[in-house]
Amino acid sequence: MNKLNDYIYSVGAIDWERRLFDELIPLPDGTSYNSYLIQGSEKTALIDTVDPTKKSKLLRNLSELEVKRIDYVIANHAEQDHSGAIPRVLEAYPMAKVITNPKCKAMLIDLLHIAPDKFIEVQDVEMLSLGNKTLKFIYTPWVHWPETMVTFLEEERILFSCDFFGSHFATSDLFVTDWEKLMPSNKRYYAEIMMPFRGIIANNIKKVEALGVKMIAPSHGPVFDHPECIIDAYKEWVSDKVKNEVIVPYVSMHGSTKEMVDHLIAALINRGIKVKPFDLSGVDIGELAMALVDAATVVIGSPTVLAGAHPLALYAAALANALRPKTRFVSIVGSYGWGGKMVEQLAGMITNLKVEVLEPVIIKGLPKREELVKLDALADQILKKHKEAGLL
Ligand code: FEO
């Protein structure tokens, strides 16, 4: 059994095979549902549980440790990948009480039908003694649900952060061994579920920094025994800083839009701007979300289908609108056959973004050589905006 120290055990489950989360988010590296058992001199606490598909593994781990009694099950977050095994734990350990905040309690009653009398509510910064160890509960809303909180072990300065600072990364390593290798998984995770709340997350990071944490034990991915790396990365991601980069999510049916996209990409590269194209017909949306974290500009490329934008382009716009990246500039390029409302449709789908829209380039049919200069003009405009923003 993996141990963080003499009295903290990692008793969760690694999900090597899982390839999709929320039936939406690709998991190229699997994931883990970390659950931590803390044995105090008087009381024993279990911090978060596991996805319901792995509840047998959690119970087996507790059995192997010969855990006879659990006094408290700490629920940092109501989402089922952490809470889904609570009912099974309460069956196996009927004396246990679920410790959580009032919002999370209400959600757990709704989502899992846990009886109200099984709960003990805690307020923000409330403490709970396990005898020789003390837990402190700190509300950290919107990482990434409204009820999320973290648990801090005072004596060892260990933060049990649930989704906050986590990553979908299955590994047999208990601790982070190679931050450079792990970082993209953390960034992807941030992009997929945290980014829409970056303002409030910045406040939560301040709360964490004020604690002087020595270790961060999230409920997905490995444990940070040097937490500065992930805290610094989060500070960078939530900041207002953007990079001299253009993301080009595009789809093309018969090659006309692709020709425009290729021309624009070459024009941007010639102007010293980094470009990341994403062919939406086979995109990993996690990669696209990650690219959106710090790119200054997004240019969507789409043909018209049934007088509107291609549904995959609409999907990309809806995704960006939901993720609310700090993108500063947006434009649209594409080809049409007999008119349509593609630009209005796409622009109407990104109303959450605080962006300046640069003049779209829409061309009828296969672009002619003299029409492609409009894309050079768009590249010039992007260069000008990036320079004004001090990005190059
Ligand atoms: Fe890992 Fe929001 O659950």
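**Exercise 1. Work out the strand order of the open sheet, and find which strands sit at its edges.**

Solution. Keep in mind that you are looking at a predicted model.

Step 1: Go across the sheet. It is open, has 5 strands, and reads β12-β13-β14-β15-β16.

Step 2: Look for strands that pair on one side only. Those are β12 (127-129) and β16, the edge strands.

Step 3: Check the twist. From one strand to the next, it averages 25 degrees.

**Exercise 2. The pairing in this sheet is mixed. Show this by taking neighbouring strands pair by pair.**

Solution. Strands of a sheet pair through backbone hydrogen bonds, in either a parallel or an antiparallel way.

Step 1: Start with β13 and β14. They run antiparallel and share 5 bridges. For a landmark, pick F137, whose bridge partner in β14 is T151.

Step 2: Move on to β14 and β15. This pair is antiparallel too, over 3 bridges. Here L153 stands opposite I158 in β15.

Step 3: Finish with β15 and β16 (residues 215-218). Now the pairing is parallel, over 4 bridges. F160 has A217 in β16 as its bridge partner.

Step 4: Put it together. β14 with β15 is antiparallel, while β15 with β16 is parallel, and that fits the label "mixed".

**Exercise 3. Are the two faces of β15 covered or open?**

Solution. In a regular strand, side chains alternate between the two faces of the sheet.

Step 1: Sort the residues by side. I158, F160 and C162 go on one side, L159 and S161 on the other.

Step 2: Check burial, using the cut-off of under 20% relative accessible area. In β15, 5 of 5 residues are buried.

Step 3: Conclude. Both faces of β15 are covered.

**Exercise 4. Hunt for unusual backbone geometry in the loops around these strands.**

Solution. Most residues other than glycine have a negative phi, and most peptide bonds are trans. So you're after the exceptions to that pattern.

Step 1: Visit the loop between β13 (134-139) and β14 (149-153), where H144 lies. The peptide bond joining V143 and H144 is cis, with omega about 15 degrees.

Step 2: Try the hairpin of β14 and β15, which has 4 residues between its strands. R157 in the turn has a positive phi of about 55 degrees. Its relative accessible area is 27%, so R157 counts as partly exposed.

Step 3: Carry on past β15 into the loop that leads to α5 (179-194), where you'll meet F165. F165 isn't a glycine, yet its phi is positive, at about 70 degrees. With a relative accessible area of 0%, F165 is buried.

**Exercise 5. How do helices α8 and α12 cross, and which residues meet there?**

Solution. Two packed helices are described by the angle between their axes and the distance between the axes.

Step 1: Get those two values. The axes of α8 (residues 256-270) and α12 (residues 369-388) come within 9 Å and cross at roughly 40 degrees.

Step 2: Classify the angle. Under 35 degrees would count as roughly parallel, so at roughly 40 degrees α8 is oblique to α12. The crossing is right-handed.

Step 3: List who meets whom. From α8 come M260, H263, L264, A267 and L268, and from α12 come L372, L375, D376, L378, A379 and I382.

Step 4: Sort the contact residues by type. You should get 9 nonpolar, 1 polar and 1 charged.

Key: Residues are numbered from 1 along each chain as its sequence is written. This is a predicted model: local features need pLDDT of at least 70, side-chain atom pairs count only at pLDDT 80 or more; totals for chains, interfaces and linings use all residues. Side-chain values use heavy atoms; hydrogens and water are left out. Buried means under 20% relative accessible area, exposed over 50%, partly exposed in between (1.4 Å probe, protein chains only). Two strands pair if DSSP finds at least two bridges between them. Axes are lines fitted to C-alpha atoms, for helices over the stretch in contact, and angles run from 0 to 180 degrees between N-to-C directions. Angles under 35 degrees count as roughly parallel, over 145 as roughly antiparallel, 65 to 115 as roughly perpendicular and the rest as oblique. A crossing is left-handed if the near helix is turned anticlockwise from the far one by less than a right angle, and right-handed if clockwise. Contact means heavy atoms within 4.5 Å. Ala, Val, Leu, Ile, Met, Phe, Trp, Tyr, Cys and Pro count as nonpolar, Asp, Glu, Lys and Arg as charged, and the others, Gly among them, as polar.
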